[in-house]
Amino acid sequence: MAELYRVESLCRRFGGAAAGVDALAGVDFQIAAGERLGIVGESGSGKTTLVRLLAALDRPTSGRVVFDGMDTSNAPESALRRFRARVQPVFQDPRSSLNPRMRVGDIVGEPLRSLRVAHTSGRVGEVLADVGLEPEAGKRYPHEFSGGQRQRIAIARALAPEPQVLIADEPVSALDVLVRGQIVQLLADLVATRRLTLIVVSHDLSVVRDLCERAMVLRQGKIVERGPVGQLLAGPRSEYARSLLAAIPELPE
Amino acid sequence: MRKLQFYLGLALVGLVVSAALVSLVWTPYDPLQVVPADRLLGPSPAHPFGTDGFGIDIASRLLVGARYCLLVGIVSVTLAALVGVPLGILAGQVGGWVSEVVMRLTDIVYALPALLLAILLAAIFGGSTLTAMAAIGVATVPAFARTARAGTLQVMAADYVLAARACGTRGVALAARHIWPNIAALAGVQASIGFAMAILAEAALGYLGLGTPRPTPTWGTMLRDSQEFLFTAPLQALWPGLAIAVAVLGFNLLGDGIRDLTDPRLREAS
């Protein structure tokens with residue numbers, strides 16, 4: 001498979017050079033087109049920082065992120081338009097990732113407008129249907145929807161410009177247990193039908209087990225373990241991965 | 001209770017607004033016509049608030065004064081908001097040295113009291129409604145800039161701004177679609193409170209003789225004219241003072257009311 005992402009000795013330091021904290025302390029990996037990669041780690045392991053760097057929403061302190069031959073980590077915003085149409089993030093909490101004062105139709109249509117993606121007039125209604133919402137939902141405001149429906153709206157927004165890569169940062173951890181399964185299923189279906197490259201970040205190994213084929217374990221800004229999900233689940237080599245594994249909650253069937 | 005505050009503010013502001021509107025079409029007497037025979041009359045059916053030192057009906061002057069009070073408030077607050085809000089959004093959105101420059105500029109204006117500024121302007125251009133509005137407007141800019149910047153910083157930290165950036169939205173579009181709609185209520189509160197401040201400042205300028213010149217009746221000049229009769233006819237000072245208090249209280253209550261009604265934390269609780 002063709003290499004899509006190449007991450008080279010990526011570092012991100014917050015705070016000053018002397019008293020700062022390394023959220024990411026030298027991370028290297030590649031992602032192939034069509035691959036489904038899980039990034040696992042507890043709070044503070046650097047997952048969210050990594051997501052922001054992969055989505056070019058933050059700049060690394062050193063190292064770089066190369067997407068399809070283009071160094072996105074030092075590119076000016078004006079050069080990132082094509083990249084943004086190809087890589088879309090979904091955030092953790094849809095209560096804060098949707099502007100409360102915008103109609104759902106405008107929210108979902110925003111990437112189309114801002115990235116000037118050529119689209120048909122019915123595009124917003126189509127993506128809303130793709131995530132299981134009525135086209136009429138576009139006329140309403142986010143607060144009129146439940147948590148799970150709001151996350152569907154956020155996913156619809158990410159899908160609107162027909163991206164190649166979906167980066168989901170803890171996509172279900174703000175949702176209640178019964179809704180989680182539905183959103184995970186939706187993501188799995190979308191990835192399969194659209195042949196998306198998926199990057200899922202989670203502290204919950206069960207989400208990664210359901211969505212990904214390969215996983216990396218992040219701890220204190222470093223990759224401590226990586227491999228196929230099955231292998232990671234069956235025989236984690238590091239003590240840390242074992243403790244994460246032990247923390248998988250059993251979902252009620 | 002919160003609603004009560006809002007409605008009370010609305011009622012008081014409504015009173016001032018209707019007084020100004022009524023004065024445009026009707027006043028009981030000519031508010032400018034001096035009637036020497038009627039000097040300093042007490043309240044009576046013919047003159048419910050009495051007459052002033054020139055024999056002019058106080059009720060008529062109060063009604064017309066409401067017009068100038070609102071005019072100065074509207075113009076100075078609009079001016080301050082039009083300059084202050086975009087500056088504050090810019091400072092909050094861009095950050096860095098831009099934010100520093102904007103904030104230090106507001107510090108400088110803050111350090112200069114509105115009254116001093118007005119005295120300065122009046123000394124250069126002569127006391128008039130226009131100088132009063134300009135001085136109050138300029139002095140109110142920092143309050144709007146700071147409020148807008150604080151609100152913008154809060155909005156910029158929200159995930160929906162991150163999502164908008166991932167959608168390629170930036171610059172003016174980000175400010176127009178995401179920042180402004182989410183800080184508009186905050187700006188509205190600031191406008192209402194700024195209005196109250198402007199009314200007070202206008203009255204103070206009128207009192208000092210630096211605002212709208214005679215014979216135009218403003219509440220500030222009415223207060224000023226009344227002080228020579230403070231011991232012989234104390235009611236002279238009461239009426240304009242009361243009018244100012246009603247207007248200031250009204251706009252303050254309205255501002256607090258808007259804030260409470262639009263505060264999402266309070267809104268979600270109710």
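This is a short tour of a predicted model with chains A and B, stop by stop.

Before you click, note that residues are numbered from 1 along each chain as its sequence is written, and that chains are lettered from A in the order in which they are written. Because the model is predicted, local features need pLDDT of at least 70 and side-chain atom pairs count only at pLDDT 80 or more, while totals for chains, interfaces and linings use all residues; side-chain values use heavy atoms, with hydrogens and water left out.

**Stop 1: where the chains meet**

Show both chains and select the residues in contact (heavy atoms within 4.5 Å). You should pick up 16 residues of chain B against 21 residues of chain A. The buried area, meaning the accessible area (1.4 Å probe) that the two parts lose on being put together, summed over both, comes to about 1,800 Å². Carbon and sulfur atoms give 53% of that area.

Now look for charge pairs across the interface. A salt bridge here is a side-chain nitrogen of Lys or Arg within 4 Å of a carboxyl oxygen of Asp or Glu. The rule finds one between chain B and chain A: pick Glu110(A) and Arg177(B), whose side chains meet at 3.0 Å, N to O. Polar contacts add to the picture, with 14 residue pairs across the interface, both partners at pLDDT 80 or more. (That term covers N or O atoms within 3.5 Å; within protein, one must be able to donate a hydrogen and the other to accept it, and residues adjacent in sequence count only if both atoms are side-chain atoms.)

Which helices of chain B each supply at least two residues of the side that touches chain A? Colour H6 (159–166) and H7 (171–207) of chain B to see them. (Helices, H or I of at least four residues, and strands, E of at least two, are DSSP runs numbered from the N terminus.) H6(B) gives the largest share, seven residues. By type, the chain B side splits into seven nonpolar, four polar and five charged residues. Here Ala, Val, Leu, Ile, Met, Phe, Trp, Tyr, Cys and Pro count as nonpolar, Asp, Glu, Lys and Arg as charged, and the others, Gly among them, as polar.

Stay on H6 of chain B and select Arg165(B). Leaving aside neighbours within four places in sequence, Arg165(B) is in contact with Leu57(A), Glu77(A) and Arg84(A). Its relative accessible area is 29%, so Arg165(B) is partly exposed. (Buried is under 20%, exposed over 50%, partly exposed in between, with a 1.4 Å probe and protein chains only.)

**Stop 2: aromatic rings**

Over all chains, a search finds five aromatic pairs. Rings of Phe, Tyr and Trp (its six-membered ring) pair if their centres lie within 6.5 Å; planes under 30 degrees apart are stacked, over 60 edge-to-face, and the rest tilted.

Zoom in on Phe67(A) and Phe83(A), an edge-to-face pair at 5.2 Å centre to centre with 80° between the planes. Phe67(A) sits in strand S4 (residues 62–67) and Phe83(A) in helix H2 (residues 81–86), 16 residues apart. Phe67(A) is buried at 2% relative accessibility, and Phe83(A) is buried at 3%. Add Tyr5(A) to the selection and you have one aromatic cluster.

Next, jump to Phe195(B) and Phe251(B), which are stacked at 4.1 Å with 15° between the planes. Phe195(B) lies in helix H7 and Phe251(B) in helix H9 (residues 235–262), so the pair ties together parts of chain B that are 56 residues apart in sequence.

**Stop 3: salt bridges**

The structure holds 25 salt bridges over all chains. Start with Lys47(A) and Glu170(A), where the closest N and O atoms are 2.9 Å apart. Are these two residues buried or exposed? Both Lys47(A) and Glu170(A) are buried. They are 123 residues apart, with Lys47(A) in helix H1 (residues 47–54) and Glu170(A) in the loop between strand S7 and helix H7 of chain A.

For a bridge within one helix, select Arg123(A) and Glu126(A), 3.5 Å apart at the closest N and O atoms. Both lie in helix H5 (residues 123–130) of chain A, about one turn apart. Arg123(A) is buried at 8%, whereas Glu126(A) is partly exposed at 42%.

Finally, select Glu3(A), Arg6(A), Glu8(A), Arg64(A) and Asp71(A) together: salt bridges link them in a network.
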